[in-house]
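Dear colleague,

I am handing over the structure we spoke about, and below it I set out what was found in it. Please read the notes with the coordinates open beside them.

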There are 2 protein chains.
Amino acid sequence: MNFLEERICKDGIVKPGNVLKVDSFLNHQMDIALLDEIGREFHRRFQHKPINKILTIEASGIAIAYPVAKEFGVPLVFAKKSKSINIAGDVYTAEVESFTHKNKNQVIVSKSFLQPEDHVLIIDDFLANGCALQGLISIVEQAGATVEGLGIAIEKGFQFGGRAIRNLGYQLESLAIVDEMNAETGEIVFRKQEA
Amino acid sequence: MNFLEERICKDGIVKPGNVLKVDSFLNHQMDIALLDEIGREFHRRFQHKPINKILTIEASGIAIAYPVAKEFGVPLVFAKKSKSINIAGDVYTAEVESFTHKNKNQVIVSKSFLQPEDHVLIIDDFLANGCALQGLISIVEQAGATVEGLGIAIEKGFQFGGRAIRNLGYQLESLAIVDEMNAETGEIVFRKQEA
């Protein structure tokens with residue numbers, strides 16, 4: 001097991017309905033040392049790519065993407081979930097359905113911050129049905145920029161999002177892929193991946 | 001002028017309606033080197049306090065609070081703006097009105113992540129009418145924990161939020177206090193503060 005899988009086993013809680021709670025260290029209370037290690041690991045996996053921008057989606061994605069942007073020494077852009085009066089009119093938009101919140105959001109990125117010459121690494125904390133990532137990919141493509149890869153902390157391998165994105169030919173790296181989990185026993189089975 | 005005031009003058013844009021756009025470096029696209037410097041500066045200003053937790057509010061607050069939590073070597077907790085099915089029932093709540101979005105949100109923090117023995121530094125990117133900060137203070141007090149101070153990147157000094165919080169006796173540190181701004185000329189007047 002890698003460092004994130006070990007932490008999920010130690011502090012993650014499996015709830016009925018295929019919910020994995022990691023809110024004590026990843027997406028409500030955050031362990032900065034763990035997030036820094038996640039940043040270094042994504043840098044290791046994507047450092048051969050000419051990445052000049054990190055793109056994520058609010059809110060918890062920001063905390064995963066921060067140390068990644070720091071490792072690469074590039075700006076971090078986060079997609080916003082609702083139209084703010086402070087966003088200029090010129091925005092890229094995509095519609096995203098949230099597994100957690102059971103609703104649909106318009107996500108937007110100002111056109112000022114994605115250009116055709118950008119080489120983008122997309123980062124998020126969770127991947128389940130892949131809607132959020134598909135929305136971010138769409139936004140990068142609307143800008144005419146290049147998706148260099150996608151980095152996810154925890155993928156739910158029993159949902160179809162990861163396979164769909166890999167089938168499109170993208171380099172998708174998930175640090176922990178949960179293939180099975182059992183709310184009664186608390187057991188979590190991770191997919192074996194090459195180190 | 002300090003480093004943040006200089007950056008606001010260089011890249012901030014004054015819009016009608018007392019809107020200061022800093023979305024090219026602070027709250028949509030983020031300059032990580034600048035945020036790291038903000039983290040070091042808040043650590044310098046609050047390092048004499050026994051702080052063991054950083055509290056902020058989603059979304060852009062997370063990117064300001066991350067480097068602060070890293071400097072202090074303590075966990076970061078962010079208040080969420082709407083009830084998620086992944087949040088356990090036991091939460092502290094406060095109602096917060098957004099100046100930017102012109103709406104009210106319930107903000108919540110799980111009771112698991114704030115305890116009476118916690119000494120909390122509250123961090124956010126903007127302070128205008130102070131509603132968000134008042135909500136976070138209320139949540140810390142509901143937990144029986146101690147507010148050790150509040151750190152803000154940009155305060156709108158011509159609104160009453162900052163004065164109200166200082167009048168309550170809290171150590172509130174704003175790295176840049178905008179006393180006046182002019183959408184026609186683009187001029188920004190900062191309050192003089194001791195370095």
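**What was found**

Strand 8, helix 4 (residues 131–142) and strand 9 of chain A form a β-α-β unit, and this unit is right-handed. Please keep in mind throughout that the model is predicted.

I start with the strands of that unit. Strand 8 of chain A, which covers residues 119–127, is mostly covered, with 8 of its 9 residues buried. It pairs in the parallel sense with strand 9 (residues 146–156) of chain A over 8 bridges, and within that pairing Phe126(A) has Ile154(A) as its bridge partner. Strand 8 of chain A is also joined by 3 bridges to strand 4 (residues 53–57) of chain A, again running parallel, and here the bridge partner of Lys53(A) is Val120(A). Strand 9 of chain A, for its part, is joined by 6 bridges to strand 10 (residues 172–181) of chain A, and these two run parallel; in strand 10 of chain A, Glu173(A) is the bridge partner of Gly151(A).

These pairings belong to an open sheet of 7 strands with mixed pairing, whose order is 11(A)-10(A)-9(A)-8(A)-4(A)-5(A)-3(B). Its edge strands are strand 11 (188–190) of chain A and strand 3 of chain B, each of which pairs on one side only. The sheet therefore takes in a strand of chain B: strand 5 of chain A and strand 3 (residues 29–30) of chain B pair in the antiparallel sense over 2 bridges, with Met30(B) as the bridge partner of Leu76(A).A second open sheet of 7 strands, also with mixed pairing, has the order 3(A)-5(B)-4(B)-8(B)-9(B)-10(B)-11(B), and its edge strands, each pairing on one side only, are strand 3 of chain A and strand 11 (188–190) of chain B. In this sheet, strand 10 (residues 172–181) of chain B pairs with strand 11 of chain B in the antiparallel sense over 3 bridges, and Met181(B) stands opposite Ile188(B).

**How the two chains are arranged**

Chain A can be laid on chain B by a turn of 180° and a shift of 0.0 Å along the axis, with an RMSD of 0.0 Å. The two copies are thus related as by a two-fold rotation axis. Of the residues of chain A, the one that comes closest to this axis is Ala59(A), whose C-alpha lies at 2.4 Å.

At the interface, 28 residues of chain A are in contact with 28 residues of chain B. On the side of chain A that touches chain B, at least two residues are supplied by each of strand 2 (19–21), strand 3 (29–30), helix 3 (60–72) and strand 5 (76–79) of chain A, and helix 3 of chain A gives the most, with 5 residues. By class, this side of chain A has 14 nonpolar, 9 polar and 5 charged residues. Since 100% of the interface residues of chain A are also interface residues in chain B, the copies meet through the same surface.

**Three residues to look at**

Phe78(A) is found in strand 5 of chain A, and it counts as buried because it has 28 C-beta neighbours inside 10 Å, where 20 or more are required. Leaving aside neighbours within four places in sequence, Phe78(A) is in contact with Thr56(A), Ile57(A), Glu58(A), Gly61(A) and Ile62(A), and also with His28(B) and Ala59(B) of the other chain. By contrast with these contacts, Phe78(A) and Ile177(A), which are 99 residues apart in sequence, lie 24 Å apart in space, C-alpha to C-alpha.

Leu55(A) is found in strand 4 of chain A and counts as buried, because 30 C-beta neighbours lie inside 10 Å. Its C-alpha atom is separated by 4.9 Å from that of Val77(A), although the two residues are 22 residues apart along the chain. Not counting residues up to four places away in sequence, Leu55(A) touches Val77(A), Ala79(A), Val120(A), Ile122(A), Leu136(A) and Val140(A).

Ile122(A), one of the residues that Leu55(A) touches, leads on to the nonpolar core. The largest such core has 129 residues, and those with the most contacts inside it are Ile122(A), Leu136(A), Ala153(A), Ile122(B) and Leu136(B). Counted in the same way, without residues up to four places away in sequence, Ile122(A) touches Leu55(A), Leu133(A), Leu136(A), Ile137(A), Val147(A) and Leu150(A).

With best regards

Definitions and conventions: Residues numbered from 1 in each chain as written. Chains lettered and ligands numbered in written order. Predicted model: local features only at pLDDT ≥ 70, side-chain atom pairs only at ≥ 80, totals over all residues. Buried ≥ 20, exposed ≤ 12 C-beta atoms within 10 Å, placed from the backbone. Helix = DSSP H or I, 4+ residues; strand = E, 2+ residues; numbered from the N terminus. Pairing = 2+ DSSP bridges. Right-handed = clockwise from strand over helix to strand, strands pointing away. Least-squares fit on C-alpha atoms with pLDDT ≥ 70 in both. Contact = placed C-beta atoms within 7 Å. Core = buried A, V, L, I, M, F, W, Y, C linked by C-beta atoms within 7 Å. Nonpolar A, V, L, I, M, F, W, Y, C, P; charged D, E, K, R; others polar.
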